[in-house]
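Q: I'm new to reading protein structures. Could you walk me through one, feature by feature?

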Amino acid sequence: MSVQSRSYRDIGVGRWGPLSFLSTAVLAAVVVVGAVAYSRQFIHGEIVTGLRDWGTAGGAPWGLYISFVVYFIGVSFAGISIAALVRLLRITALEPVTRMAELLTIVSLVLGAFSVLADLGQPLRGITNLFRYARPQSPFFGTFSLVMAGYLFASLVYFYLAGRRDAYLMAQQPSRLQAFYRWWAAGYRDSAAERARHERTSFLLAVAILPLLVTAHSTLGLVFGLMGGRPGWFSALQAPGFVVLAGVSGLGHIAVLAALVRWFIPEARERIGVPTFRLLGIFTMVLGMVYLYFTLIEVLTAGYAGHAQEQELVRLLLLGTYAPYFWGGIVALALAVGLGLAQGLRGRWSIGAVVAMGILVNIAAIAKRLIIVTPSLTHGSLLPYEDGVYVPTWVEVAIIIGLMSLGALVILVFSKLFPVVPLDSEPTS
Amino acid sequence: MSTRAIVAGCLALAGFTLGMVAYFVLAAPWGFPPDSVAHSNPRVPFAPAIFVLGVMMVFIAAIVYELWPGNGDRR
Amino acid sequence: MPKYAMTIDLSRCMGCRACMVACKVENNTPEGQFWMYVFRLEEGEFPETRLTFLPRPCQHCDNAPCVKVCPVGARYKREDGLVLTDFQRCIGCRYCEVACPYGVNYFHWQSPKKGQYLKWGDDAEVRERAEREVPPWHNPDHDKRYGEERRLTAGAVHYKGVMGKCTFCVHRVEKGLEPACVANCPVRVFEFGDLEDPNSSVSHKLREATRFRLLEDVGTEPRVYYLNGQPPTGEHRQLDAVKGGKGE
């Protein structure tokens, strides 16, 4: 790349050092392992996973893949929440992280879609038959249409339009990607009229995407919440819980991503400072508290007056087989909230602590998704079947880790091609 | 209202309407509980694709609004 | 249009599980999959234990959760009451399986194996010994389209990645025969027929006996009526549970 890296405008674009190459190579290798694992599943069928029928066969038909469908789609909450906060509430301290937030949304939605495909017994047929026959009466319709098509497309549009100005600025300098930047800028002239127009458009887009966001995450929750015959799933709190935990994991992810960007791209350090992390920390903490409250109410309700199977599931979560995952998640979330409170009460926020919060809430989110999906299948049957067991195989784990690496790889490569922090955003350090 | 606003507005409205029509009318007939074969088939083939197209049109309207040629519009 | 239903007389069932075998042979279900399953249940503490038996086919519910949640309409309810799976349209998401409270769905986790039941035609020794009387390994009725809707719904193990469950032997019913479990029970536990016909066997049975339906409070409105018995409770334990479906 011929672009020199010292001017602030570049924000890491075109800078391929040894660390970047190494990271790219490692991530790509992990993606390849995931792809190999998937090819085994594609050829032999899902018998290579640990998934099995529930009931007489004593397994769980949904496991790691579906847990991560929910997790990835949850993380995608990040983009629009940042965009909405910036546009609708005029919170400018979050402006520097808008682009990486939107990028995270796009990437995690794609990973969510891939996780769905990984889970389907007939993935190719799934793509054609969903477009041809999908029924709105099924909760999956919302996941397929609103999440994948609606929300993903809307985020792409938002991302594209928001990036035009930076594309225009980047196109001013000669570089190998000049044609790409000019294409993205699409005739942008940076006039006052255009800037005003973009303000209006992104405001309206944020307003339009918000209901899509809530609907998308709610229908995902309803996939579980509407199952009347599934103790542990059938609950009015599933949909709201999904939306809140999505917010928690998404915002936590942004904190981690922002810290990584600061670490790898020195120019970003003056743009993304403590005020940005403070806000991320506050919102993560508040949503985390809401989620802890939801969990308390859910467990209390099922434990106090649920049917026998619901009470058994509560016992399993609190004291039995699934207790390590339940308590691990709760402790991680509570620690994150505690860190937030400690910083908030002292009035001093540190980037390291907020990043720790981000990591903790994502661990909690993954643990929680796992125990939403599997326990009801292995232990929640209304007929006297024996209890089941589910242990994921290397195929499932490799595919999930491969997907995460794919996401990281895309973000890494993107940051080399385009400013991942908006140029000319107000420095917040 | 400028041309761009009208075109974008119409596109958004058309997309929204298309989406609603595809969801409520063109897709599988609404009936709870489903008790006939008709409830498993869309009324029009590819109705879900039409729904997705309608949703996309609403957001393409934003691109149309910003990219419409001409710069010194009345505001 | 007939309104098919099944009655199961629990006072006759002795837990022999011939119906499970008949179903498996008729539908060619893979190892470890039991479209018809019979619970052998025990309650009480020794020496005051009681044994009961509970056959569990698909209930072909009127308010079937599996039909409601299928994203592509592969699982559907016919006007005659049968709930069937169009395995050509099925995308293998297994949502019907997690939605069903009865556990009657079985997913094809792998392709049909060599040596799957009734693949005798491939075996040279069998062919030689049986001369020309080798049973077909694959019931050609499973490849036909049924109903006015002309969909592929009969039989199991056509290929991997799709769902299967009890079809009330749609390929037999369409020919005027009874489902395999009904026809093969040695003590006539099952009756199958048209609820709208006052002279059908099911109508007779329903008039003369006390009955319940499984998991009625979940609201699924099953079409399988259990006569002369009690629903299973949390006090019942399974004996001789036929586990399976784990294997390669």
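A: Sure, let's start with contact: two residues are in contact when they have heavy atoms within 4.5 Å. Keep in mind as we go that this is a predicted model.

Q: Okay, so which residues does A:Ser405 touch, leaving out residues up to four places away in sequence?
A: With those sequence neighbors set aside, A:Ser405 touches A:Leu27, A:Val30 and A:Val31. A:Ser405 itself sits in helix 14 of chain A, which covers residues 394–417.

Q: And is A:Ser405 buried or exposed?
A: For that you look at relative accessible area, and under 20% counts as buried. A:Ser405 has a value of 7%, so it is buried.

Q: Let's zoom out to chain C. How many helices and strands are in it?
A: Chain C has 7 helices and 13 strands. Of its 248 residues, 59% are buried. You can also look at how far along the chain the contacts reach: among contacts in chain C between residues at least 6 apart in sequence, 64% join residues at least 24 apart.

Q: Now the chains together. How many residues of chain C are in contact with chain A?
A: On the chain C side there are 52 residues, and they meet 47 residues of chain A. Another way to read an interface is by the area it buries, which here is about 4100 Å², with carbon and sulfur atoms giving 56% of it. C:Tyr95, C:Val98 and C:Trp109 supply 19% of the area that chain C buries against chain A, more than any other three residues.

Q: How many salt bridges are there between chain C and chain A?
A: First, the general idea: side chains of opposite charge can pair when their charged atoms come close. Between chain C and chain A the count is 2 salt bridges. A:Glu46 and C:Arg94 form a salt bridge, with their closest N and O atoms 3.3 Å apart. There are also 31 residue pairs in polar contact between these two chains, counting pairs with both residues at pLDDT 80 or more.

Q: Which parts of chain C supply the side that touches chain A?
A: Strand 2 (37–43), helix 2 (65–69), helix 3 (95–99) and strand 6 (106–107) of chain C each supply at least two residues of that side. The largest share, 4 residues, comes from helix 3 of chain C. Sorted by type, the residues on the side of chain C that touches chain A are 30 nonpolar, 13 polar and 9 charged.

Q: What about chain B and chain C: how much area do they bury between them?
A: That comes to about 790 Å², 62% of it on carbon and sulfur atoms. Here 8 residues of chain B are in contact with 13 residues of chain C. In chain B, the residues losing the most area to chain C are B:Pro34, B:Val37 and B:Ser40, together 56% of what that side buries. The salt bridge count between chain B and chain C is 0, but there are 4 residue pairs in polar contact, with both residues at pLDDT 80 or more.

Q: Back inside chain C. Which residue forms a salt bridge with C:Arg237?
A: The partner is C:Glu42, and their closest N and O atoms are 2.8 Å apart. C:Arg237 lies in strand 13 and C:Glu42 in strand 2 of chain C, so the pair ties together parts that are 195 residues apart in sequence. At 32% relative accessibility, C:Arg237 is partly exposed.

Q: Where else can I look for a salt bridge?
A: Try C:Asp141 and C:Lys144, whose side chains meet at 2.8 Å, N to O. C:Asp141 is buried at 11% relative accessibility, while C:Lys144 is partly exposed at 41%. There's a network of salt bridges too, linking C:Arg78, C:Asp80, C:Glu149 and C:Glu174.

Q: Last one: how many disulfides are there over all chains?
A: The search of the whole structure finds 0. C:Cys58 is in no disulfide, and the nearest cysteine sulfur, in C:Cys166, is 5.2 Å away.

Q: Why does C:Cys61 have no bond to C:Cys58?
A: Because the sulfur of C:Cys61 is 6.3 Å from that of C:Cys58, its closest cysteine sulfur, which is too far for a bond. C:Cys61 is buried, with a relative accessible area of 7%, and C:Cys58 is buried with 5%.

Conventions. Residues numbered from 1 in each chain as written. Chains lettered and ligands numbered in written order. Predicted model: local features only at pLDDT ≥ 70, side-chain atom pairs only at ≥ 80, totals over all residues. Heavy atoms only, no water. Buried area = accessible area lost by both parts, 1.4 Å probe. Salt bridge = Lys/Arg side-chain N within 4 Å of Asp/Glu carboxyl O. Polar contact = N/O pair within 3.5 Å; in protein donor to acceptor, adjacent residues only side chain to side chain. Nonpolar A, V, L, I, M, F, W, Y, C, P; charged D, E, K, R; others polar. Disulfide = S-S within 2.5 Å. Buried < 20%, exposed > 50% of the residue type's maximum accessible area, 1.4 Å probe, protein only.
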